[in-house]
Amino acid sequence: MATGDSKDTVGYSTTFHEQRLALFDAHIANELNESEKEQVKQHLNSCQECQQLFSEVTRFHNQFETLRETKKLSLQRAQTYASQITHTVMTRLEQGKDGASEVSQTPMRSHTTTALIPFKRRTWSTSLRIIAAIACLFLLTSLLVTVYHNVNTLTPTGKGGTARPLTMAWTTQQQYTLAKNNAGVFALKGIEITVAKEFRFYYAYKWSQKSTLSIVALSTQQGKDVTLSATMQPLGVVDGYSIGVIHVQYLDRVNQTIILHILSQARENVRWQLSPLKQIQTEPHPEGGGYYELSIEQKLLSEIVWSGSVPRRKSMTAFFTNKTSTHYLFLRLNYMGEVKVITKEEYLQLSGKQN
Amino acid sequence: MSKEVVSGNKESEYIQRAALGDHDAFRQLVVSYEMAILTYLHSILGDWENARDVTQETFIAAFYALPHWQPPERLNQSSQYVMNHPLAPWLYRIATNRALTFLKQRNRHKAITSLHDEQHADVSQSGGAVIKHGDSVEAWENQYVMREVLHEALSQLAEDDAACIVLRFVDGERYTEIAERLGTTKEAVRKRVTRGLVMLRAAYKSVDLEVK
């Protein structure tokens with residue numbers, strides 16, 4: 001910050017009243033001398049607009065207090081992160097000795113998974129292209145592909161970040177997210193891990209009987225089962241498919257598989273069994289607070305499509321729709337666990353779209 | 001490049017050597033500033049991991065820009081802090097610039113996960129209990145909104161103004177402390193905070209309307 005203040009008049013305009021904002025701010029923080037305080041007080045008594053500004057600045061002070069408090073609480077962690085900085089910076093500078101300009105232009109850690117892998121244009125021979133195409137087709141038709149998708153733990157790009165490895169705590173077992181039998185079909189359409197450490201499994205099922213379903217969730221690890229607290233929350237019906245969400249308690253157990261038994265409440269018989277998730281690494285944030293979205297191949301049950309959650313400031317919106325996008329079930333979610341059905345109008349309003 | 005030697009500390013010597021490509025000298029500068037820049041960036045980003053990454057980017061950028069660095073114009077009248085740390089105002093500006101670029105690039109998922117640290121702090125405070133309902137949810141939402149307001153306002157501000165707003169409202173520093181840290185006058189800080197508050201008001205209205 002240069003000592004000069006050359007940008008004072010560039011690109012900003014403040015009203016006559018707004019020019020007093022910092023004065024009000026200093027007054028609220030008790031940083032004015034007695035004479036200045038008196039001036040502020042007298043002015044406020046005679047200016048309604050400034051009274052409004054004063055109350056707004058007071059509100060800012062109070063509301064920013066929460067950020068200050070949480071930062072104070074986490075300051076002890078600063079040393080851990082600071083200890084990594086010098087080594088990484090100096091290593092990168094050493095690497096950049098012969099290509100200074102290249103290193104200085106290295107982008108920061110990328111924030112989309114697609115940008116994590118450096119892409120190089122290559123000239124492929126025709127035969128290689130054919131082989132590649134066959135391989136792709138084979139892979140696409142195989143449902144035994146395990147999709148790793150963990151949006152919370154992206155790896156840094158080569159030189160652009162630290163040597164933090166890509167952390168994939170969970171793997172989605174796509175082939176076990178759908179179960180079909182004489183009773184009907186039950187499919188998971190989306191999985192989330194909320195900041196309150198809870199799984200949310202969004203489902204769609206079709207069953208000829210009207211009996212209510214219930215859920216038993218297990219964490220299986222080397223033959224040892226732990227029953228997890230779980231509830232089913234029906235949300236509605238789209239094209240004959242019952243839609244809902246299963247809330248399951250979260251446990252951090254490496255190598256566990258999460259198994260869902262969907263039961264017919266009347267007979268207590270297991271109607272469908274799914275094992276959608278396997279934990280392959282220790283959860284990086286076991287205390288909670290992270291928000292994860294794990295993708296499920298929508299084509300497994302193509303009749304119903306899950307939109308995925310879209311952040312809308314402090315909440316999220318999502319919807320289920322049918323194949324032809326003619327019927328919708330709109331939802332409002334929060335990061336903690338709440339899932340609520342909303343109207344189309346509410347959805348459009350939350351999405352900032354005109355009706 | 002004219003370099004002013006500051007008596008009583010070695011920083012200017014390190015700066016001169018580092019500007020000529022001396023890595024050991026630059027290492028000393030990194031060690032000297034890393035904690036200040038890291039905690040400052042955490043105030044903007046709300047997340048230690050991102051703050052660490054952007055801190056690293058700041059130092060890498062600083063190393064290559066160092067040959068063009070000019071000491072603060074009024075160094076002789078500057079604060080004691082800047083007398084001892086003449087690189088500070090310049091580094092804060094680079095850090096702010098990098099953080100704002102980072103925020104622009106961040107996709108929606110990262111926007112969500114940046115809350116992790118704040119939530120983590122809450123959890124620590126509550127003795128490891130998982131926060132689920134009631135006041136905690138409200139506090140969490142308030143933090144989220146205020147972080148959004150801050151980012152929205154910062155995106156509209158010049159780096160120097162943005163730095164003043166962060167130090168003032170997130171770090172809770174006094175006007176004199178900010179002036180000291182940034183090597184400027186209290187009056188200049190007030191002007192910057194005024195502009196920042198105008199942007200914060202606008203951002204608050206925009207975000208508040210959106211969440212209602």
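This is a guided tour of a predicted model, selection by selection.

Residues are numbered from 1 along each chain as its sequence is written, while chains are lettered from A and ligands numbered from 1 in the order in which they are written. Because the model is predicted, local features need pLDDT of at least 70 and side-chain atom pairs count only at pLDDT 80 or more, whereas totals for chains, interfaces and linings use all residues.

**Stop 1: chain A as a whole**

Select chain A and colour by pLDDT, the predictor's confidence in each residue, from 0 to 100. The mean over chain A is 74, and 70% of the residues score at least 70. Chain A holds seven helices and 16 strands. Both kinds of element are DSSP runs numbered from the N terminus: helices are H or I with at least four residues, strands are E with at least two.

Of the 355 residues in chain A, 31% are buried. Buried means that 20 or more other C-beta atoms lie within 10 Å of the residue's own; exposed means 12 or fewer, and partly exposed is in between, with C-beta atoms placed from the backbone. Two residues are in contact if their C-beta atoms, placed from the backbone, lie within 7 Å. Among contacts in chain A with a separation of 6 or more, 58% join residues 24 or more positions apart.

**Stop 2: where to read with care**

Select residues 98-125 of chain A, where pLDDT stays under 50 and the model has 38 contacts beyond four places in sequence. Then select residues 140-167 of chain A: pLDDT again stays under 50, with 65 such contacts. Where pLDDT is low, the predicted coordinates should not be read in detail. Among the elements of chain A, helix 5 (residues 100-104) has the lowest mean pLDDT, 38, and strand 8 (residues 241-249) the highest, 93.

**Stop 3: helix 2 of chain A**

Select residues 34-46 of chain A, which form helix 2. The expected span of a helix is 1.5 Å times one less than its number of residues. For the 13 residues of helix 2 of chain A this gives 18 Å, and the end C-alpha atoms are 19 Å apart, which agrees. Helix 2 of chain A is hardly covered, with zero buried residues.

**Stop 4: the strands around strand 14 of chain A**

Select strand 14 (residues 315-322) of chain A, then strand 12 (residues 304-306) of chain A; the two run antiparallel and are joined by three bridges. Strands pair here if DSSP finds at least two bridges between them. Val305(A) has Thr321(A) as its bridge partner in strand 14 of chain A.

Add strand 13 (residues 310-312) of chain A, which pairs with strand 14 of chain A in the antiparallel sense over three bridges; Arg312(A) is bridged to Ser315(A). Next add strand 15 (residues 328-333) of chain A, antiparallel to strand 14 of chain A and joined to it by six bridges. Here Thr321(A) has Tyr328(A) as its bridge partner.

Strands 14 and 15 of chain A form a hairpin with five residues between them. In that turn, select Ser325(A), which has a positive phi of about 55° although it is not a glycine. Most residues other than glycine have a negative phi. Ser325(A) is exposed because it has 9 C-beta neighbours inside 10 Å.

Gln222(A) also has a positive phi, of about 50°, and is not a glycine. Find Gln222(A) in the loop between strand 5 (213-221) and strand 6 (224-228) of chain A. With 7 C-beta neighbours inside 10 Å, Gln222(A) counts as exposed.

**Stop 5: the nonpolar cores**

A nonpolar core is a set of buried Ala, Val, Leu, Ile, Met, Phe, Trp, Tyr and Cys residues joined through C-beta atoms within 7 Å. In the largest, of 77 residues, select Leu41(B), Leu91(B), Ala153(B), Ile165(B) and Leu200(B), which touch the most other members. Beyond four places in sequence, Ile165(B) touches Ala153(B), Leu154(B), Leu157(B), Val193(B), Gly196(B) and Leu200(B). A second, separate core of 46 residues includes Val238(A), Tyr241(A), Phe320(A) and Phe330(A).

**Stop 6: two buried residues of chain B**

Select Ala51(B) in helix 3 (residues 48-65) of chain B. Ala51(B) counts as buried because it has 28 C-beta neighbours inside 10 Å. Leaving aside neighbours within four places in sequence, Ala51(B) is in contact with Tyr81(A), Leu38(B), Leu41(B), His42(B) and Leu45(B).

Finish at Lys191(B), in helix 11 (residues 186-211) of chain B. Lys191(B) is buried, with 22 other C-beta atoms within 10 Å. Asp161(B) is 30 residues from Lys191(B) in sequence and 8.5 Å away, C-alpha to C-alpha.
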